[in-house]
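Let us walk through this fold strand by strand. Then we turn to its core.

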Amino acid sequence: MIMKTIQFKTNIKCNGCIAAVKPHLNEAVGEEHWKVDLNSPDRILTVEAEDEQQVKEAVQKAGYQAEKIR
């Protein structure tokens with residue numbers, strides 16, 4: 001599979017939220033392959049991954065939501 005950049009709108013709101021999703025996203029896609037823009041009103045999660053469903057499930061495991069935007 002080919003890695004692609006995927007962006008998600010999330011309900012991640014702060015550094016505490018990022019700390020909660022971090023272990024799940026690190027396990028799913030690797031530490032260097034994701035970031036959350038807390039300055040964006042949509043709290044954009046940008047991920048380099050093969051499978052968008054895997055990313056959504058990792059975020060949901062931490063108790064948050066991710067909706068693909070592109």
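Two strands pair if DSSP finds at least two bridges between them. Strands here are DSSP runs of E with at least two residues, helices are runs of H or I with at least four, and both are numbered from the N terminus. The model is predicted: local features need pLDDT of at least 70, side-chain atom pairs count only at pLDDT 80 or more, and totals for chains, interfaces and linings use all residues. Residues are numbered from 1 along each chain as its sequence is written, and side-chain values use heavy atoms, with hydrogens and water left out.

Start at β1, residues 4–10. β1 pairs with β3 (residues 44–49) in the antiparallel sense, over 5 bridges. Within that pairing, Phe8 has Leu45 as its bridge partner in β3. β1 also runs antiparallel to β4 (residues 66–68), joined by 3 bridges. There, Lys9 is partnered by Glu67.

Gln7 lies in β1. Its relative accessible area is 15%, so Gln7 is buried (under 20%, with a 1.4 Å probe and protein chains only). The Gln7 side chain makes a polar contact (a donor and an acceptor, N or O, within 3.5 Å) with the side chain of Thr46, at 3.0 Å.

Now the core. The largest nonpolar core (buried nonpolar residues joined through side-chain atoms within 4.5 Å) has 20 residues. Leu25, Trp34, Leu45, Val47 and Val55 touch the most other members. β1, α1 (15–29), β2 (34–37), β3 and α2 (52–61) each supply at least two residues. α1 gives the most, with 6.

Return to Leu45. Beyond four places in sequence, its contacts (heavy atoms within 4.5 Å) include Ile6, Phe8, Leu25, Trp34, Val36, Val55 and Val59.

Technical notes: Buried means under 20% relative accessible area, exposed over 50%, partly exposed in between (1.4 Å probe, protein chains only).
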